[in-house]
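Take a walk through this structure, one part at a time. Keep the sequence and the 3D view side by side as you read.

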Amino acid sequence: GLGLLIALVSMLPNASYLQLTPEGFTMRSLYRSHFFRWKDVTAFAVGRVVSNKMVMFNFAPTYQGPSKFRSFNASLTGYEAGLPDSYGMSHEALADLLNQYKTASRDS
């Protein structure tokens with residue numbers, strides 16, 4: 001029941017998206033948005049959580065954002081954070097695109 005409700009909500013307009021800008025990226029899931037500057041992350045890669053592939057990343061040492069769960073996530077997956085979706089792309093293509101944006105940014 002709860003899984004069906006979450007699935008239905010996630011299909012509503014603007015419930016989930018990934019927005020890339022020269023300054024950074026915003027990921028939105030279930031109407032909650034998180035913005036990260038390109039300089040806040042080291043690089044993007046494809047990792048796994050159990051059997052699920054995800055685009056994952058680690059934070060730069062200078063990142064001042066919340067640290068809750070970062071070390072726990074890293075101990076389980078090798079990465080501190082991940083994107084909740086691949087947004088219609090293969091995980092590898094999305095990681096490559098994000099790395100290209102990061103490289104092209106002035107603040108990377």
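**A guided tour of the chain**

The chain holds three helices and six strands. Follow the sequence from its start, and the pattern reads α-β-β-β-β-β-α-β-α. The chain has 108 residues, and 27% of them count as buried.

This is a predicted model. How confident is the predictor in the chain? The pLDDT averages 85 over the chain, and 85% of the residues score at least 70. Helix α1, residues 2–10, has the lowest confidence, with a mean of 54. Helix α3, residues 91–104, has the highest, at 96. Where pLDDT is low, the predicted coordinates should not be read in detail.

Turn now to helix α3. It has 14 residues, and at 1.5 Å a residue they should span 20 Å. The C-alpha atoms at its two ends are 20 Å apart, so the model agrees with that expectation. Which residues of α3 are buried? They are His91, Leu94, Ala95, Leu98 and Lys102. These buried residues cover an arc of only 100° around the axis, and therefore lie on the same side of α3. Gln100, Thr103 and Ala104 sit on the other side of α3, where they are exposed.

Next comes the largest pocket. Its volume is about 710 Å³. The pocket is lined by 23 residues, and the closest to its centre are Met27, Asn73, Glu80, Ala81 and Gly82. Which elements give two or more residues to this lining? Four of the strands do so, namely β2 (24–29), β3 (32–37), β5 (52–59) and β6 (81–82), along with the helix α2 (70–77). The largest share comes from α2, which supplies five residues. Sorted by class, the lining has 14 nonpolar residues, five polar ones and four charged ones.

Strand β4 is the next stop. Threonine 42 belongs to this strand. With a relative accessible area of 43%, threonine 42 is partly exposed, because that class runs between 20% and 50%. Threonine 42 and phenylalanine 57 are 15 residues apart in sequence. In space, their C-alpha atoms are 6.9 Å apart.

Valine 49 also lies in β4, which covers residues 41–49. Is valine 49 buried, partly exposed or exposed? Its relative accessibility is 32%, so valine 49 counts as partly exposed. Between valine 49 and glycine 82 there are 9.7 Å from C-alpha to C-alpha, and the two are 33 residues apart along the chain. Glycine 82 has come up before, among the residues closest to the centre of the largest pocket.

Step on to valine 50. This residue sits in the loop between β4 and β5. Its relative accessibility is 79%, so valine 50 counts as exposed. What is notable about its backbone? Phi of valine 50 is near 55°, a positive value in a residue other than glycine.

End the tour at tyrosine 87. Its place is in the loop between β6 and α3. Tyrosine 87 also has a positive phi, about 55°, although it is not a glycine. With a relative accessible area of 22%, tyrosine 87 is partly exposed. The cut-off for buried is under 20%, so tyrosine 87 does not count as buried.

Note on methods: Residues numbered from 1 in each chain as written. Predicted model: local features only at pLDDT ≥ 70, side-chain atom pairs only at ≥ 80, totals over all residues. Heavy atoms only, no water. 1 Å grid on protein atoms, 1.4 Å probe; cavity = no way out; pocket = protein on both sides within 12 Å on 5 of 7 lines; lining within 4 Å. Points joined across faces, edges and corners; volume = space filled by probe spheres on them. Nonpolar A, V, L, I, M, F, W, Y, C, P; charged D, E, K, R; others polar. pLDDT = per-residue confidence, 0-100. Expected span 1.5 Å × (residues − 1). Buried < 20%, exposed > 50% of the residue type's maximum accessible area, 1.4 Å probe, protein only. Arc of directions from axis to C-beta.
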